[in-house]
Amino acid sequence: MNKGEITKQRIIEQARDLFSKTGYDATKTSAIAKACGISEAAMYKYFSSKKELLEASVVIDFASEPSAAADFSQYGNEQLVEYYINRLITTIQENMEQFNILFTESLHHPELSDYFDRSVYRKSAEVQEMQKRIQDGTMNPIMDIFLFELGTTTSIWSILHYDRMKLGREDGKSEQFRKEVIRFVKYGVMGTGSQEAPQLR
């Protein structure tokens, strides 16, 4: 990266940190500039407005997401759910500040909800496989896969956020936390702890 790209990235990182900790409205652009060691005028060379900076600060890195060409057809139901939950936990952990901003600021800034719709819930390869199995009856029926993803993501984020902010710990990094979340979701999408979905009447 050249010097300008490095400066722009530093502005995003400092804004993300401040928006996550103190909220968008309470964060002044002068504080962001000061944290970067530049003037406000210099900062506005990279971002035309504070709102533009907000949108840049919530962009999520999906490095742990499988490629669109990934084939999950050979995975058993339990293995598929475990993969999905582990990947989702990792994504949230690696982008905790972005999720903090998205969940706390979306009510006041609808454009963040639009970002959710466009980017966060984009039916990754394993989710598409889950949806296919739901449709053919080999997993419990879920009426709206978007709501399922939203509920799962919100639940995981809420637990991780509470642990970090209120209890001063990060249980999400423990194997026990992952096992408990996986067990919870398995019950929802499979109805039992077995490999097979229950017979529907």
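This report covers the nonpolar core, the cavities and two residues of a predicted model.

## Basis

The model is predicted, with local features needing pLDDT of at least 70 and side-chain atom pairs pLDDT 80 or more, while totals for chains, interfaces and linings use all residues. Residues are numbered from 1 along each chain as its sequence is written, and side-chain values use heavy atoms, without hydrogens and water.

## Nonpolar core

The largest nonpolar core (buried Ala, Val, Leu, Ile, Met, Phe, Trp, Tyr and Cys joined through side-chain atoms within 4.5 Å; buried means under 20% relative accessible area with a 1.4 Å probe, protein chains only) has 48 residues. Helix 5 (residues 77-94) contributes the most to this core, with 7 residues; helices are DSSP runs of H or I, at least four residues, numbered from the N terminus.

Ile85 is among the residues with the most contacts inside the core. Beyond four places in sequence, isoleucine 85 is in contact (heavy atoms within 4.5 Å) with Thr152, Val181, Ile182 and Val185.

## Arginine 16

Arginine 16, in helix 1 (residues 3-22), is buried and has no salt bridge, a salt bridge being a side-chain nitrogen of Lys or Arg within 4 Å of a carboxyl oxygen of Asp or Glu. The nearest side chain of opposite charge (Lys and Arg positive, Asp and Glu negative, His and chain ends not counted) is glutamate 97, 4.9 Å away.

## Phenylalanine 184

Phenylalanine 184 is found in helix 10 (residues 175-190). Its relative accessibility is 62%, so it counts as exposed (over 50%).

Definitions and conventions:
Helices (H or I, at least four residues) and strands (E, at least two) are DSSP runs, numbered from the N terminus.
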